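Q: Could you take me through one part of this model slowly, please? I would like to see how a single packing site is put together, and then how it sits within the whole chain.

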Amino acid sequence: MKIESVRIPARLRGFAAGDAQLFDVTLAGDRVQAVVPSASQSGARGTLLSALVEAHAHIDKNYTVQEVGAAEGNLFAAIERMDKHRAGWTGETLRLRMERALQDAWQSGTRALRTHIDWVQAEPPAALAVFETLRHEWRGRIELQFVSLTPLDVFADLAAGEHIAREVKRAGGTLGAFVYRNEGLVHKLGRVFDLAQDHGLGLDFHVDEGLDADASGLRSIAQLMRAREFRRSVVCGHCCSLAVQDDAVANETLALCAGAGLHMVALPTTNLYLQGAWNRTPVQRGITRIHEAAARGLRVSLATDNVQDAFYPYGSYDLLETFGLGVQMAHLAPAGEWFDAITVSPARALGLAWDGRIAPGCPADLVLLAATDEHELIGPRGRQRTVIRAGQILEKTQ
């Protein structure tokens, strides 16, 4: 197969492009065989991306909003509603929701997905067994990872924390925690780091998901990484409070994060919905400091987070829609320079074998957008796509 006269965003190029702006890409089997400057003078026929990478989702709780209702900007009300609803979850209902999410992501062009699984006590949740089954069934289509989403205070119980870490290790997952203005924050975070070091686990935190300037979980995590010389992957999702802190404080925190080598993930849909007032037009946006992080070499990922549940009652698993909202919400312009936020950056955060840069020899897992220039990227016509997996076009594309 040959894909002619396409643009490839600069941050997705794993080859020397010189002055060329349009490229011809030849596929052979399940690999990219060649990428060369296009000989055509007829203009761009589309924009070529590597297949998309979802760094932060919740496929155990999605598609439940009709049963639990929308929380309308109240994070802790959403948590309470889902806590009550979780008591009735069964393997059958979980599988239906989780497989629906994967089908949506697959058709949209996603090649890897990390989901957080609610894990609120020592014993593993029912969703874990369903996830392990789906991970096996979806092998070769979507590479699936999971994170145990546990309230940080649970780790104050040493036995509970040890049990969770052992089970996460057994199931090949990542250890996680919800961190927000907890008492004894540093001590409890230290316990999570202890468990990760003892069991050889990476870490993935929900951190500072609010607009309270005194929320300092991100800073504490970066300091612990440096103090302990922690070498495994650490991902921090949300980081909303960073946006409302004084510039000097925020910039110092970002410098710590960049030095520690952690990864940040912004969630535009859920945090635009949850953060800010609901009795007037919201002024503050629930988005972290993406530009300032990039200035320090820390390229933030954009991810879906919640879909049709109490936390966010709308949405789908189309990362290009999330990307479009993120571009507008955080003024990521030119938009074409930020496609690494849904390809290369999350691939590195998840430790994938392929970092998503297109080059001869890379997997032929690609998404060809109809957009021919910068200004068509966000609109519905520009988002129309052909999804190519292992060198073959999916029968149903958007």
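A: Gladly! A word on terms comes before the tour: a helix here is a DSSP run of H or I with at least four residues, a strand is a run of E with at least two, and both are numbered from the N terminus. Please keep in mind that the model is predicted.

Let's start at G161, which lies in helix α5. G161 has 0% relative accessibility and therefore counts as buried, the cut-off being under 20%. Setting aside neighbours within four places in sequence, G161 touches F155 and L195. The second of these partners, L195, leads us to another helix, since L195 is one of the α6 residues in the contact between α5 and α6.

Two packed helices are described by the angle between their axes and the distance between those axes. Here, α5 covers residues 158–170 and α6 covers residues 185–199; they pack at an angle of about 40 degrees, with axes 10 Å apart. Angles under 35 degrees would count as roughly parallel, and 65 to 115 as roughly perpendicular. The pair α5 and α6 is therefore oblique. Their crossing is right-handed.

Who makes the contact? On the α5 side you will find L158, G161, E162, A165, R166 and K169, and α6 brings R191, L195 and H199. By residue class, the contact of α5 with α6 splits into four charged, three nonpolar and two polar residues. Glycine is counted as polar in this scheme.

Now let's step back to the whole chain. It holds 13 helices and 15 strands, and its C-alpha trace spans about 65 × 50 × 45 Å along the principal axes. A compact globule of 398 residues would have a radius of gyration near 21 Å, and the chain agrees because its own value is 21 Å. Of those 398 residues, 57% are buried, and G161 is one of the buried residues. For a sense of distance, G161 and D246 are 85 residues apart in sequence, while their C-alpha atoms are 35 Å apart.

Contacts across the chain tell their own story: of those between residues at least 6 apart in sequence, 76% join residues at least 24 apart. T110, in strand β6 (residues 110–118), makes a good second stop. T110 is buried because its relative accessible area is 1%. Beyond neighbours within four places in sequence, T110 contacts L52, E54, A105, R141, I142, Y317, L319 and R389.

Methods. Residues are numbered from 1 along each chain as its sequence is written. This is a predicted model: local features need pLDDT of at least 70, side-chain atom pairs count only at pLDDT 80 or more; totals for chains, interfaces and linings use all residues. Side-chain values use heavy atoms; hydrogens and water are left out. Axes are lines fitted to C-alpha atoms, for helices over the stretch in contact, and angles run from 0 to 180 degrees between N-to-C directions. Angles under 35 degrees count as roughly parallel, over 145 as roughly antiparallel, 65 to 115 as roughly perpendicular and the rest as oblique. A crossing is left-handed if the near helix is turned anticlockwise from the far one by less than a right angle, and right-handed if clockwise. Contact means heavy atoms within 4.5 Å. The radius of gyration is taken over C-alpha atoms; the globule rule is 2.2 Å times the number of residues to the power 0.38. Buried means under 20% relative accessible area, exposed over 50%, partly exposed in between (1.4 Å probe, protein chains only).
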